Amino acid sequence: MVKINGEEQARDGMMLLDFLKEAGYDSRAVAVEYNDAILDKAAYETTKLQDGDVVEVVCFMGGGA
């Protein structure tokens, strides 16, 4: 199981970029912390989720006054 944003999910063996797409995230508008390190966007397509991984996905939002 992989913990994503605090929730255990069966995503073992899935590439991070595939997870982001499947979950509806725009990979250009998120930051990903993977096992306590911020990933470079180029690593999204080469990072394979493994049992025990901890992932936090943060979305950027525009707006304000």
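A residue is called exposed when its relative accessible area is over 50% and buried when that area is under 20%, with partly exposed in between. In the predicted model described here, E22 has a relative accessibility of 52% and therefore counts as exposed.

E22 takes part in one of the salt bridges, of which the count comes to two. Its partner is R11, and the closest N and O atoms of this pair are 2.3 Å apart. R11 is located in the loop between strand 2 (7–9) and helix 1 (16–22), whereas E22 belongs to helix 1, so the contact ties together parts that are 11 residues apart in sequence. In contrast to the exposed E22, R11 counts as buried, at 19% relative accessibility; the cut-off for this class is under 20%. A salt bridge is also formed by D26 and R28, with 2.9 Å between the closest N and O atoms. Here D26 is partly exposed, having a relative accessible area of 34%, and R28 is exposed, with a value of 68%. Side chains of opposite charge can pair when their charged atoms come close.

Charged residues also appear in a negative surface patch, which is made up of E7, E8, D12 and D51. D51 is situated in the loop between strand 4 (37–38) and strand 5 (54–59). The relative accessible area of D51 is 57%, so this residue is classed as exposed.

One aromatic pair is present in the structure. It consists of F19 and Y25, whose ring centres are 6.3 Å apart and whose planes form an angle of 50°, a tilted arrangement. An angle of this kind is called tilted because it is neither under 30 degrees, as for stacked rings, nor over 60, as for edge-to-face rings. The two members are covered to unlike extents: F19 is buried at 3% relative accessibility, while Y25 is partly exposed at 24%.

Turning to the backbone, most residues other than glycine have a negative phi. N5, which is not a glycine, has a positive phi of about 50°. N5 occupies the loop between strand 1 (2–4) and strand 2 and is partly exposed, with a relative accessible area of 34%. For N35, also a residue other than glycine, phi is positive and near 50°. N35 is found in the loop between strand 3 (30–34) and strand 4, and its relative accessible area of 35% makes it partly exposed.

Note on methods:
Residues numbered from 1 in each chain as written. Predicted model: local features only at pLDDT ≥ 70, side-chain atom pairs only at ≥ 80, totals over all residues. Heavy atoms only, no water. Patch = residues over 30% accessible without salt bridge, like charges linked within 9 Å, V, L, I, M, F, W, Y side chains within 5 Å. Areas by Shrake-Rupley, 256 points an atom, 1.4 Å probe, with all protein chains shown as cover. Salt bridge = Lys/Arg side-chain N within 4 Å of Asp/Glu carboxyl O. Lys, Arg positive; Asp, Glu negative; His and termini not counted. Charge placed at Lys NZ, Arg CZ, Asp CG, Glu CD. Helix = DSSP H or I, 4+ residues; strand = E, 2+ residues; numbered from the N terminus. Buried < 20%, exposed > 50% of the residue type's maximum accessible area, 1.4 Å probe, protein only. Phe/Tyr/Trp six-rings, centres within 6.5 Å; stacked < 30°, edge-to-face > 60°.
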